[in-house]
Each structure stands twice: as structure tokens, then as C-alpha cells.
Amino acid sequence: MAVNCVIGVARNVFHTSTLYGARICLPSCYISNKHREFSSTAWRGKKETVGFIGLGHMGAHMARNLIKSGYLLVVNDVMPAAVEELKKEGAEVAGTPAEVAARAKLIVTMLPSSPHVREVYSGNKGIFQSVQAGSLLIDSSTIDPAVSKEMEQIALSQSTAFMDAPVSGGVLAARDAGLTFMVGGDEARFSEAEKILSCMGKNVVHCGGVGTGEAAKICNNMLLAISMIGVSETMYMGSQLGLEPKLLAKVLNMSTGRCWSSEAYNPCPGVMEGVPASRDFEGGFGASLMLKDLGLAQDAASSKKVCIPLGSMAHQIYRMMCNAGFGQKDFGYTFKFLQQKKD
């Protein structure tokens, strides 16, 4: 047995085991069958546990990609059906955000708005009720940068790190792990965040301190809304001038009018397969969420005394569309909505 141990050490044959909450590294000859049972998760190649809160259109896909990457997930959402779907795919379920925080030191949240973030993090059953010292909290929601900074201060008071990491790319990119993450937070822990975010996206950009990720996202979505309205107007006008929509889209995408809204997410039904316009504008990025993001842009511009006439006009159009009852439709519904305004 002693000889075997020496050979095992010489060949670096070590196994990691967890005993009474502590991780230890031992040569294989020291690990009994009983101890091997304790480390069954490691034997399956699983990585560390990650908490994930918010399993909507985007969050559910993001969570699935973490499971595919080998992470053990502990999930929570207000919608039981969303939780059950992830449970079927191997995730564990927590009843509250506080329970997630008690079970994982790395947590990702993907929530609709600032009030939701405040509730999930600092509510009575929120993350900060049971967060573990040294945890890394990554919020991928699109919210007011001031709220991100508020969460950072609470996190620091509890010896944890908070980062804002909103995303761009839409539902299809979330499904295909092709998102872009705009990250604001302590550069010293950026590599730790980048490791997990890279499992859900193809671009992870450090923008500066907490709040800068949200600032970048707000700027991006204001431009996205403006371009979507422009493509909607263009596609409709072209059809009225006798141009076949697919032909017009082809011309736009090989010309100077080309943009993401025309090339990857065209709002004219029949032009592209697999986008919300091909399924009655269901299942994409909701117009109500775009309205929320434009409101954030408007507030930011006002606070800094920045003139944004096109951003303000886009805000008005999306507000009108939502007030007309189309808030749950994809934000590309502007194509249909503007047609209704022709008279």
C-alpha cells in the first residue's frame, strides 16, 4: 500500500473529495469507496454550483447553456412552470432568492426591471438575507445604473461583489450562447465573471465600474429601437412602392442601409424564418421591455442634459404601441403598428 501511494503521488494521481464541507485533495489510494460516493458530482465532471434567478424568454436559455457547460444550477423564478422545465433538464430548485444565496456563491439574475432587482436582492426573502461572504453576484437585467450602484453598496457591506452585466443579442442569441455581455464591476473579479458569462455568450466586455454595463446597454437599446422603427418604415414604404419584401431586404443588406434589424431580425413577415415576425410577433423581446429601456435612456439623457430627439421619438412610438395593447408583442411589431397609422 505504501508503494502504491508513492507511485500515485509521483504520477500526480489525485482525487478531490468533499468531507464535512471542506474540499481536500488526496492520492487515489487514500480514497475509500465511501468517500468516492461523496464526490460523485466531481466524477461526472460537474463544475461549481451556480444560482440562477429569472427564467423568462432570455433567462431560461441562458440557464440551459450553463447546464450544458457542466455547471450544477440552483434556480428560482416566480413562474412554477419555468422552474419545472429547468428541473427536468437537471437543475435543482430553490423556493426563494435567499435559498439560492444560501446554496451558491456565484449567482446570476435576469429580471425585467429595477423594482424586480430590488425585490430579489434586498427584499424580505432576497439574496442579501443569506448571501455568503465572498460571493459574486452578476445581474444581467437592464435597469437604472443607479440601482446597480445601490446593490453594489449593499453587497460590499456584506463582503460580496456585485456586477451589472446586461446583454444584447435577443432570444435567438440567448438560445445559441451568442450574447454580448456589457460588464460593470471590479476588474479584479472580472476574469471570474468572464468565465461563466462566456458559457452564455460570445462577447464579454468589461466597461468599467458598476453601472457602466447598464449605461452601455441603454445606449445600445436606444439605437436598436431607432433602427427597428426605421427598418419598419422602410419595409412598409417599399412594399407600397411595389417592391417585393425579400428583394428589398436583400438590397438593404448589401447596401449602406444594412443594420441588425434589417439583416438578423427583419420585422416584415415572410422575409425571414425563425424570427418573431414569422410567428405573429410572439416570443421575442417585448415592446413593453423596449419601452422600459427607452424610459431609462430618456431619464439618463435628462440627468446629463443630453439632446436625444430620435430617442425621444422612439420612446413616444413605443409608448403609443403599448397603450394600444401591443406591449406583449415583439418590439418589431412597429412594422404592423405603423401600417395601422397610415390613415
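Is Lys329 buried or exposed, going by its relative accessibility? I will begin there, and I should say at once that what we are looking at is a predicted model. Lys329 has a relative accessibility of 15%, and it therefore counts as buried, the cut-off being under 20%.

The side chain of Lys329 is engaged in a salt bridge with that of Glu282, with a nitrogen-to-oxygen distance of 2.8 Å. As for where the two partners sit, Glu282 belongs to the loop between helix 13 (260-263) and helix 14 (287-304), while Lys329 belongs to the loop between helix 15 (309-326) and helix 16 (334-340), so the pair ties together parts that are 47 residues apart in sequence. Glu282, for its part, is partly exposed, at a relative accessible area of 37%.

Let me turn now to helix 6. Here Arg103 and Glu99 form a salt bridge through their side chains, again given as N to O, at 2.8 Å. The two residues are four apart within helix 6, which spans residues 97-103, and this separates them by about one helical turn. Arg103 is partly exposed, with a relative accessible area of 33%, and Glu99 is partly exposed as well, with 30%. This pair also belongs to a network, since salt bridges with shared partners join Glu92, Glu99 and Arg103.

One further pair deserves a mention, namely Glu263 and Arg258, whose closest N and O atoms are 3.1 Å apart in a salt bridge. Glu263 is partly exposed, its relative accessible area being 38%.

As for the overall tally, the model contains 11 salt bridges by the rule applied here.

Methods: Residues are numbered from 1 along each chain as its sequence is written. This is a predicted model: local features need pLDDT of at least 70, side-chain atom pairs count only at pLDDT 80 or more; totals for chains, interfaces and linings use all residues. Side-chain values use heavy atoms; hydrogens and water are left out. A salt bridge is a side-chain nitrogen of Lys or Arg within 4 Å of a carboxyl oxygen of Asp or Glu. Buried means under 20% relative accessible area, exposed over 50%, partly exposed in between (1.4 Å probe, protein chains only).
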